[in-house]
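Here's a quick tour of the side-chain contacts in this one, from aromatic rings to charged pairs. Have the viewer open as you read.

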Amino acid sequence: MITDDPGTPGDGHWEINIATLSDHTGGTTTYQLPLLDINYGVGDRAQFKYEMPWVVQHRNGDDRSGVGNGLAGIKWRFFDGSEEGWQISTYPQVEFNSPESKSPRRGLADAGTSWLLPFEFERKLGSVDIDFEGGRWFRSAVQADSWTAGFVVGREVSKSVEVVAELHDEAAVSHSGEELILNFGARWDFSERNTLLLSAGRDLHNSLGETSTLLSYVGLQIRL
């Protein structure tokens, strides 16, 4: 899901996600193939994150590829009401161009450096998890700042399988542009240390850019 939650890997533990993302918009299909997302737990309530994709784009018969923008951040769960109570975290992150990368000029990555300051909330109600995230992107001069908000409902259908639904909204600060995404997904814990992650969705509305007719994610989560 796009919306994050307050969970962390645990002190000294790794959570590594290896995934493929796709975004279909009219005559353009963009893949992040692969997307490597590495998280390391520091104490029971914090984690470091580093994420980097390789981007492949097909646009009207023109194929191009290159390294995408990196994303680094620190999550801190500053309120922990146990498994049955509220959990709240903040997750400041910075998105940046890779050194010497030509991807921004080739349309494979956004130019400049951007900062995200979100807060995550989670509450478990029996077999149902409710997650909410809200924050703001502070973009570079070539892009508009934006507010983001996401809401996720997940339900366990067995001890190893959870299904989820998500609404995620991003709205420009300085004008009326907005993107609203609907996503459905599932996670399957097929072993003690490995989880299969799946999601698919699309734009319900998009006045920020091209409308995405299909957004998909297939990933393997490895916990060490």
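## Rings, charges and a nonpolar patch

Strand 5 (70–80) and strand 8 each supply at least two residues of the nonpolar patch. Keep in mind that this is a predicted model. The patch sits on the surface and is made up of Trp76, Phe78, Phe79, Trp86, Trp115, Leu117, Phe119 and Phe138. Together these residues offer about 830 Å² of accessible area.

Let's start with Trp76, which has its place in strand 5. Is Trp76 buried, exposed or something in between? Its relative accessible area is 49%, so Trp76 counts as partly exposed, the cut-off for exposed being over 50%. Phe78 is partly exposed too, at 34% relative accessibility. Both residues belong to the nonpolar patch, and ring pairs also link Trp76 and Phe78 with Phe119 into a cluster.

### Aromatic pairs

How many aromatic pairs turn up? The count comes to six. One of them joins Trp76 and Phe78: the ring centres are 5.5 Å apart and the planes make an angle of 50 degrees, which makes the pair tilted. Another tilted pair is Phe121 with Phe132, at 6.2 Å centre to centre and 35 degrees between the planes. Phe121 lies in strand 8 (residues 114–125) and Phe132 in strand 9 (residues 128–138), so this pair ties together parts that are 11 residues apart in sequence. As for cover, Phe121 is partly exposed with a relative accessible area of 28%, and Phe132 is partly exposed as well, at 36%.

### Charges over rings

Two arginines are worth a click here. Arg136 lies over the face of Trp147, 5.0 Å from the ring centre. Arg139 does likewise with Trp137, at 4.3 Å from the ring centre.

### Salt bridges

On to the charged pairs. A search of the whole structure gives 10 salt bridges. The table lists some of them, with the distance between N and O.

| Basic residue | Acidic residue | N to O distance |
|---|---|---|
| Lys49 | Asp37 | 3.2 Å |
| Arg77 | Asp80 | 3.0 Å |
| Lys124 | Glu156 | 3.5 Å |

Take Lys49 and Asp37. Lys49 is in strand 3 (residues 46–59) and Asp37 in strand 2 (residues 28–42), so to speak of distant parts of the chain, the two are 12 residues apart. Where do these two sit, buried or exposed? Lys49 and Asp37 are both buried. The pair also has company: Asp37, Lys49 and Glu51 are linked in a network of salt bridges.

Arg77 and Asp80 have their side chains meeting in a salt bridge, but their surroundings don't match. Arg77 is buried, with a relative accessible area of 7%, whereas Asp80 counts as partly exposed at 29%.

Why does the bridge between Glu156 and Lys124 tie together separate parts of the sequence? Glu156 lies in strand 10 (residues 146–156) and Lys124 in strand 8, so the bridge joins parts that are 32 residues apart. Glu156 is partly exposed, its relative accessible area being 37%.

### Pulling it together

Strand 8 is a good place to finish. This strand holds Phe121, whose ring pairs across to strand 9, and Lys124, whose salt bridge reaches strand 10. Strand 8 also supplies at least two residues of the nonpolar patch, as does strand 5.

Note on methods: Residues are numbered from 1 along each chain as its sequence is written. This is a predicted model: local features need pLDDT of at least 70, side-chain atom pairs count only at pLDDT 80 or more; totals for chains, interfaces and linings use all residues. Side-chain values use heavy atoms; hydrogens and water are left out. Rings of Phe, Tyr and Trp (its six-membered ring) pair if their centres lie within 6.5 Å; planes under 30 degrees apart count as stacked, over 60 as edge-to-face and the rest as tilted. Buried means under 20% relative accessible area, exposed over 50%, partly exposed in between (1.4 Å probe, protein chains only). Helices (H or I, at least four residues) and strands (E, at least two) are DSSP runs, numbered from the N terminus. A charge sits over a ring if NZ of Lys or CZ of Arg is within 6 Å of the ring centre and within 35 degrees of the ring normal. A salt bridge is a side-chain nitrogen of Lys or Arg within 4 Å of a carboxyl oxygen of Asp or Glu. Patches are made of residues with over 30% relative accessible area and no salt bridge: like charges are joined within 9 Å, nonpolar side chains (Val, Leu, Ile, Met, Phe, Trp, Tyr) within 5 Å. Accessible areas come from the Shrake-Rupley method with a 1.4 Å probe; for residues, only the protein chains shown count as cover.
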